[in-house]
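Dear colleague,

I am handing over the structure we spoke about, so that you can look through it yourself. Please open it alongside the notes that come after.

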Amino acid sequence: MRKFTASLLNVVFLLCVLGVPAFAIEKGKQRPPDTADLKPNQYIWNPGASPTGPVGIIVDLTNQTIYVYRGGKQIGRSAASTGIKSHPTSPGTFTILTKNLTYHSKKYHEASMPYMERLTWDGMAIHGGNNPGKPSSHGCVHVPLDFAKKLYDITKRGDTVLISDLKEAPGDTVNPGLVPPQAPQPAPNPKSNIKVPRGGPPPTDVSPDATPIPTPTLAPGSSPAGSPVSTPSSTPAASPASTP
């Protein structure tokens, strides 16, 4: 038993020295487009369903699934693993801020994050990672390595990602308004202590169809609203009394 333990430790030591991760990220297994339920590390990729158009991504926290749309048509679906309870994945609407093929986390001990697509400046991203079929990350969205590469190849900075607890899986097509375009978050100033909140600026409650209220203007010489206005008397001025 001691010899076995010593041998195992030697193997782990060699892997660390050689820079080879002891637990490699699985590539994943592609399934036919008509597959109903995906198991961990399984995905569907069917780009021919919609060759062109804007790309939108939906992450379902409830079912641990990521959906990819192009031109409003679903072209990909994959099992995903989001954040654990102590480090949850934040729901909201995000944009892809930056992309990096071979990124390593500065926050989590140089952990490998291949095909990284950053969603927030404080560390949330989509990337290739362990995919056990349940929440397992520190806030990121883990997908199989092959799926991460395919997704990376078709997205660009500014593409929208909607993260939500969906009551039911979205269909093969979505209304473009379901994944509305968002203004990218500005990069934080390294000299500033102000943190940029996840999801960018908060939404406004003003309807785009609302009629604006005009700003009142005053004619020259008129009094501002609320100030007393003198009204000329309709009674003619009395004539000066005659002196007897």
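Below are some notes on strand pairing and on the nonpolar cores.

Please keep in mind that this is a predicted model. I begin with strand 9, residues 125-128, which runs antiparallel to strand 8, residues 112-118, and is joined to strand 8 by two bridges. Within this pair, arginine 118 is found opposite alanine 125 of strand 9. The two strands make up a hairpin with six residues between them, and in the turn glycine 123 has a positive phi of about 120°. Strand 9 is also joined, by three bridges, to strand 10, residues 141-143, and here the two strands run parallel, with glycine 128 standing opposite valine 143 of strand 10.

Turning to the interior, the largest nonpolar core has 24 residues, of which Ile66 and Ile126 touch the most other members. Two or more residues of this core come from each of strand 2 (42-45), strand 3 (55-60), strand 4 (65-70), strand 10, helix 2 (145-154) and strand 11 (160-164), and helix 2 gives the largest share, which is four residues.

Which residues does isoleucine 126 contact, once its neighbours within four places in sequence are left aside? The contacts are with Ile57, Ile66, Tyr115, Met116, Glu117, Leu119, Val141, Val143, Leu151 and Val161. Another core, of six residues, lies apart from the largest one, and its members include Ile58, Tyr67, Tyr69 and Leu162.

With best regards

Technical notes. Residues are numbered from 1 along each chain as its sequence is written. This is a predicted model: local features need pLDDT of at least 70, side-chain atom pairs count only at pLDDT 80 or more; totals for chains, interfaces and linings use all residues. Side-chain values use heavy atoms; hydrogens and water are left out. Two strands pair if DSSP finds at least two bridges between them. A nonpolar core is a set of buried Ala, Val, Leu, Ile, Met, Phe, Trp, Tyr and Cys residues joined through side-chain atoms within 4.5 Å. Buried means under 20% relative accessible area, exposed over 50%, partly exposed in between (1.4 Å probe, protein chains only). Contact means heavy atoms within 4.5 Å.
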